[in-house]
There are 2 protein chains.
Amino acid sequence: MNLKGQSLIGFDATTHNRESFSAVDPSTGKQLDPKFFAATEDDVARAAELAEKAFPGFAHTRSADRAQLLRNIASGIEGLKELLTHRACAETGLPEGRILAETGRTCNQLRMFADLVEEGSWVDARIDTGDPDRQPLPRPDVRSMLRPLGPVAVFGPSNFPLAFSVAGGDTACALGLGNPVIVVAHHAHPGTSELVGQVIVEAVSAANLPEGVFSLLFGRDHKVGVALVQAGPIKAVAFTGSYAGGEALRKLTNARTQPVPFFAEMSSINPVLILPGVLNSRSREIAAGLQGSLTLGVGQFCTNPGLVLIPESDAGANFVKHLAERISETAVAPMLTQEITTAFAKGVESRSAHEDTQVVVRQDHASGAALFETSANAFLANPVLSEELFGPATLVVTYKNADQLAEVLNSLGGQLTASVHEAGTDLDDFDDVVRSLETLAGRVIFNAFPTGVEVGHAMVHGGPYPATSDGQHSSVGTRSIYRFLRPVCYQGAPQSLLPLELQDHNPLGIARLIMGVRSRDAVGL
Amino acid sequence: MNLKGQSLIGFDATTHNRESFSAVDPSTGKQLDPKFFAATEDDVARAAELAEKAFPGFAHTRSADRAQLLRNIASGIEGLKELLTHRACAETGLPEGRILAETGRTCNQLRMFADLVEEGSWVDARIDTGDPDRQPLPRPDVRSMLRPLGPVAVFGPSNFPLAFSVAGGDTACALGLGNPVIVVAHHAHPGTSELVGQVIVEAVSAANLPEGVFSLLFGRDHKVGVALVQAGPIKAVAFTGSYAGGEALRKLTNARTQPVPFFAEMSSINPVLILPGVLNSRSREIAAGLQGSLTLGVGQFCTNPGLVLIPESDAGANFVKHLAERISETAVAPMLTQEITTAFAKGVESRSAHEDTQVVVRQDHASGAALFETSANAFLANPVLSEELFGPATLVVTYKNADQLAEVLNSLGGQLTASVHEAGTDLDDFDDVVRSLETLAGRVIFNAFPTGVEVGHAMVHGGPYPATSDGQHSSVGTRSIYRFLRPVCYQGAPQSLLPLELQDHNPLGIARLIMGVRSRDAVGL
């Protein structure tokens, strides 16, 4: 498979535009071939139009057929593993093991959604049967289920070239439910994106689906994304990236003539609470785990622990010493892009210069790890210290007691995760604090670390604003399907006009809610 | 129970403000006692603060206790039936039978949510058990469920003084799930609102719940609502009313420092498709049913059929004649408020004066029924004709064929309902049109009329923008719970720190998703 550097608009590759850019190998700073050509406004409009045209047919394909599409995409990706790994490593500077693991996760996600979609009960089918004899008025026959929303725009981040990218969780989820997808490729890994995009185009074509089911757009600046979220046919937007980028797109989607749902996963500092009891026995162990979590992938995870809350005590000071030792031994590695490296270095510099923070560790490299320390009072007095610093750095904040710890937590915006390391005895004093964490974050983690998001049915990767734009959703795991669905109700419909899922004899054998009772039976039997 | 005309801020009634207004009997135009005092900004802030304080405790009450609260509110309302009916009839001009039916629906809704909440499976509990031996990394124990969002602001409309008002569907739903509620009483029925508000306050107090669980705010203009949706503690807003009101609040909630979910049910003209085949045998029957639906409650329903699409044919012309006969016999009745009457009369006047529409019937009264007719081409050329005209009026649009019918439907914004009257033979030509209705509306109705929204598990009262601000939700029936919930995930949590719903032994006996399989069993058995 050769890279062409062209957007994939349905089944066509285009080079209408002369504006081009290249991927850069962050290990060498060198540009990689080929040139990628930015999509034009016409390209965007055509992709949106094709998606709109494809939607009614795609929405009415059988679940089993869409499941097969997802599985074919997974196989296609596995078939390209060597090429993909080579290109992704070159574009991201991430080690081969990480890329292989991420490829595995990407394919697992595709197959997880395939299984879910094929089983079929995800549609939440509900049947309230009619009763012509009810007084004072007959009861109508009312049936409803979740249906796809329409074309979904997907924006992936720089830090997951596969699992949150072209065939990542958002795409797998949206396609599986019957929504056409238009992906804006992240400019940091365009080659990886094109390879995966070609796999999807081939799978769509081989399944005889309309070409508008999938398009992939390239662009170096914001123009392509702005045009896409404003395109009339787009019915939902999924974004993973920075707070600034997410907020800009949120405002655009709200200002549309027809506003559409917008789901952004944006910014989180993922507080880690260390309660006093655990420092007696597990100080070194927690320090080691924390160092591993905060430097994993050069700190470039949305769940990176950027804030560590420790008791103001000798044991706390010892913990900082253990943590500092570990952090200073971190192997230095390149970050994903020059922009990220520069922003990180600038953030470390500004935190180092802050009069209320103490530099505990600062490795002598632009992407080196850093550890800062401050008091709860200083943290509360300086909101700038609660801003995300994307990279391998964390801020230790010391608290005097449960009340002060609660005050620090109350000062934070919504988070993706909140972790607590506790010994049973800690709950005498900290029970309220621990129980309050569920209002702060989408995922509360006990005696473990926030990086590593398990993909499954129970995972929640989300959280109150500004962790996400909409804290009612998850962007990982099967819970994420609710972003791209809407309930549709059919009243008094003839059997032939009902979707299979709502027909009396339950041809798909799915679980349904019949008069409020869950059942796989036919109606009326 | 005496009316005091004061906002209920938790357990206190206040009269800090001197600004006052009165309810008006629309049958006589006379003001009704007592005066109602508008809430001040301080009142709003205090209600929001009390709600915020009440939230953690209320969110952790047992589902069974919240179910009992809802049932006690229902009993309290029934205990006041006579007083309530008298006051609601006086404030709305609606007949006693309608108010009694609406009271029944209100209490049924409260009990429906009580049953749902008590049964417990609504929390969508999910458990993915851990596996320390998984390679290459152990699998963590991950559990999640839906939890309440926090204080909810509720805005009811003028046209449902009970079922969508103080103890209406939004309040019943939000309270049942563990969210404190602050209602802005509609100024058209403040006395009815206060009576029901007092019932809720008594039920909250009798249950020894914190006072912030419920507050009721009065106000004549927008000030109270604007202050409420901007209050920091508010975590979601539910609104039923006009497009202008909904849009204004949508913009305010989006512009908050912390944006919150906003659910508005706003504007819909509820197209009714009459396909050619049905006019042979059911022309008079459909005309009679349509007249009943469009003049029910003086046309003041969000599901009122404001657009009727008929074939351009002799049979179509005959149908209009039958419909006109029926409409001209409509008994005239007062509308809910002077503002609504004036807006309706103005709308009828402007539609009568429109050069492209023909007046078929126009009763000689400000709130009299009206029937207009135009062609598909004229309708398409004049977007003003697709605007909602709230009251007993409808516009017949004639179409030449399926393509033109599709064109008219494609020109419409999102709708709450779309109805189709079809004979089996119609589906040869109109199959695509009929199947496309699910993308236009939240509820597709076959061979029946849109008014009368059945409250149940399968109902969807919602639809794409601008029918609602968020077409992914319903504001009626048990599907409406998803507006006021968010998923929360607990990873590696000790049993004692898990909600009952997620503990191994399943103490509440609810249905849960364990490793993707639905079960009421304990985990590990």
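User: Rings of Phe, Tyr and Trp (its six-membered ring) pair if their centres lie within 6.5 Å, with planes under 30 degrees apart counted as stacked, over 60 as edge-to-face and the rest as tilted. Which residues form one aromatic cluster with Phe21(A)?

Analyst: This is a predicted model, in which local features need pLDDT of at least 70, side-chain atom pairs count only at pLDDT 80 or more, and totals for chains, interfaces and linings use all residues. Residues are numbered from 1 along each chain as its sequence is written, chains are lettered from A and ligands numbered from 1 in the order in which they are written, and side-chain values use heavy atoms, without hydrogens and water. The structure holds 16 aromatic pairs over all chains. The partners of Phe21(A) in its cluster are Phe36(A) and Phe218(A).

User: How many residues apart in sequence are the parts that Phe263(A) and Phe484(A) tie together?

Analyst: The two rings form an edge-to-face pair, 6.2 Å centre to centre with 80 degrees between the planes. Phe263(A) belongs to strand β11 (residues 262-265) of chain A, a strand being a DSSP run of E with at least two residues and a helix one of H or I with at least four, numbered from the N terminus. Phe484(A) lies in the loop between β18 (441-446) and β19 (485-491) of chain A, so the sequence separation bridged by the pair is 221 residues.

User: Are Phe263(A) and Phe484(A) buried or exposed?

Analyst: Buried means under 20% relative accessible area, exposed over 50% and partly exposed in between (1.4 Å probe, protein chains only). By that scale, both Phe263(A) and Phe484(A) are buried.

User: Which residue forms a salt bridge with Arg98(B)?

Analyst: A salt bridge requires a side-chain nitrogen of Lys or Arg within 4 Å of a carboxyl oxygen of Asp or Glu. Arg98(B) is separated from its partner by about one helical turn, as the two are four residues apart in helix α4 of chain B. Both residues are buried. With closest N and O atoms 2.8 Å apart, the partner is Glu102(B).

User: Which helix of chain B holds Arg71(B)?

Analyst: Arg71(B) meets Glu118(B) in a salt bridge of 2.9 Å, N to O. Glu118(B) lies in helix α4 (residues 96-119) of chain B, and the pair ties together parts that are 47 residues apart in sequence. Glu118(B) is partly exposed at 40% relative accessible area, whereas Arg71(B) is buried at 18%. The helix that holds Arg71(B) (residues 63-79) is α2.
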